[in-house]
There are 4 protein chains.
Amino acid sequence: MPSFRYYHPIEVRYGDLDPQGHVNNARYLTYMEQARISYIQQLGLWQGDSFLDVGVILADAQVTFKESIQYGQPLRVGVRVSRLGVKSLTMEYQIEDAGDGRALATGATVLVAYDYRRGRSLPLPDDWRRILTEYEMLS
Amino acid sequence: MPSFRYYHPIEVRYGDLDPQGHVNNARYLTYMEQARISYIQQLGLWQGDSFLDVGVILADAQVTFKESIQYGQPLRVGVRVSRLGVKSLTMEYQIEDAGDGRALATGATVLVAYDYRRGRSLPLPDDWRRILTEYEMLS
Amino acid sequence: MPSFRYYHPIEVRYGDLDPQGHVNNARYLTYMEQARISYIQQLGLWQGDSFLDVGVILADAQVTFKESIQYGQPLRVGVRVSRLGVKSLTMEYQIEDAGDGRALATGATVLVAYDYRRGRSLPLPDDWRRILTEYEMLS
Amino acid sequence: MPSFRYYHPIEVRYGDLDPQGHVNNARYLTYMEQARISYIQQLGLWQGDSFLDVGVILADAQVTFKESIQYGQPLRVGVRVSRLGVKSLTMEYQIEDAGDGRALATGATVLVAYDYRRGRSLPLPDDWRRILTEYEMLS
């Protein structure tokens, strides 16, 4: 897997753990979501005003669990856009131990450009396409 | 997609919603997990004592989001085992509107037989294999 | 404590549990919230359209934990309005084992009438006052 | 309110928000819990091994909501022990904007010394009493 230009740190919360003593599986999507929104904001694709203006909706999510995550383990989530389609894009994630960089989980989501106020999908906005192509060196 | 023999009802909680007013994506894994544990318990594969005795660990999870889920929408989650391997099995899910049965999301998880106390994977127990083969009419 | 006219059932989710194997303390507020919204909707105080029209905001919450809550334990949450002020009201809660009715936790919240769109507090609406006084036989 | 010697930073997650666009009320207990465990660990009262060895159980929790918390708002949670009893102690919290230090919420919890393995309350351990008395300058 190629490397990531963007990482977001995550603090494991006690409230993320389940009775098996490790981070519950559903939280992996929460960690990926947090990294995704941070990435979108960092690249200037969303200005942080109304969440109804974010402009993308999840169509698919996938997680591969490699190693369980413990309380107190420092994490960072690598996130990148790996594919730009006409109406959708694919984001890839890697949840890593921030200490030694080893991958604890990988994942991917497909996002569809979406007008929340009108409730319908859209072509991916031109500025998203331009900024992401440049940032991720996509062709 | 073939039908399900087992369904688990879910009440959408206000606490499941996010600022876009619908159920947050990570909760879909929570809904699937709730249905999965109910199924495992119902089939007598786990007696409900220690969660360290459940005997399976998630290796992979996938969700396809078809339609957003609203507060007050009655849900049921279909769950079944679709594949039994030597050390793993695949479970499939469908989150449905309990009123009209339409699919709001589908998903799948791969589970690996696991000894939590020793921290290692195992062959799938014989009783799991026997009970699941019969219940799901797997060959 | 006087009895409740309104109860809302809750299913404990695996995702509500923490490493100590019982329901995490923060979920008690989630259970109380779920019962509160159900009560508000049931009494016709909110029509279930935009959550920006709910018209109350939390000012204070309190929980007394009497007994830990286990996975699989059937629950119901009693909820009632115990006090109507000029701009606020107090709701009381009891989380009970739905089997034998014993109290597992009690709680209270103070809610302030609030206009979310304008961002300011309001006198409690007349219809809330009238409906709640009658339903709870408040004087 | 006197000041705090110990603060724990919190990142607001998108997953903490509810349809009203701010942090959901139940998360305030999660933030306080995260600060509490960090404090307990920092003072050497718990070595981070099994969560069954933490030795305290929640008896009561209270939150006063002063101002809503937004996505992107940097937070820190002040935590301190304000009272040591024979079998219990009181912890106080303040959730603050880490930028300007203004209080967004205050709270308190009562914790009872508890033996999780035997399921019964205990006198507060001597080392807890000694360490906390010194750290918080309690008399």
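In the predicted model, chain D can be laid on chain A with an RMSD of 0.0 Å by a turn of 180 degrees combined with a shift of 0.0 Å along the axis, which is the relation of a two-fold axis. Among the residues of chain D, the one that comes closest to this rotation axis is Glu11(D), whose C-alpha lies at 4.0 Å from it.

The contact between the two chains involves 12 residues of chain D and 12 residues of chain A, and the side of chain D that touches chain A is made up of three nonpolar, six polar and three charged residues. Of the interface residues of chain D, 100% are also interface residues in chain A, so the copies meet through the same surface.

Within chain D, strand E3 (residues 75–84) pairs with strand E4 (residues 88–97) in the antiparallel sense, over nine bridges, and the two strands are joined by a hairpin through three residues. In this pairing, Leu75(D) of E3(D) stands opposite Asp97(D) in E4(D).

Strand E4(D) pairs in addition with strand E5 (residues 103–115) of chain D, again in the antiparallel sense and over nine bridges, and here Gln94(D) has Thr106(D) in E5(D) as its bridge partner. The hairpin of E4(D) and E5(D) has five residues between the strands, and in this hairpin Gly101(D) takes a positive phi near 75 degrees. Strand E4(D) thus has two antiparallel partners, E3(D) and E5(D).

Notes: Residues numbered from 1 in each chain as written. Chains lettered and ligands numbered in written order. Predicted model: local features only at pLDDT ≥ 70, side-chain atom pairs only at ≥ 80, totals over all residues. Least-squares fit on C-alpha atoms with pLDDT ≥ 70 in both. Contact = placed C-beta atoms within 7 Å. Nonpolar A, V, L, I, M, F, W, Y, C, P; charged D, E, K, R; others polar. Pairing = 2+ DSSP bridges. Helix = DSSP H or I, 4+ residues; strand = E, 2+ residues; numbered from the N terminus.
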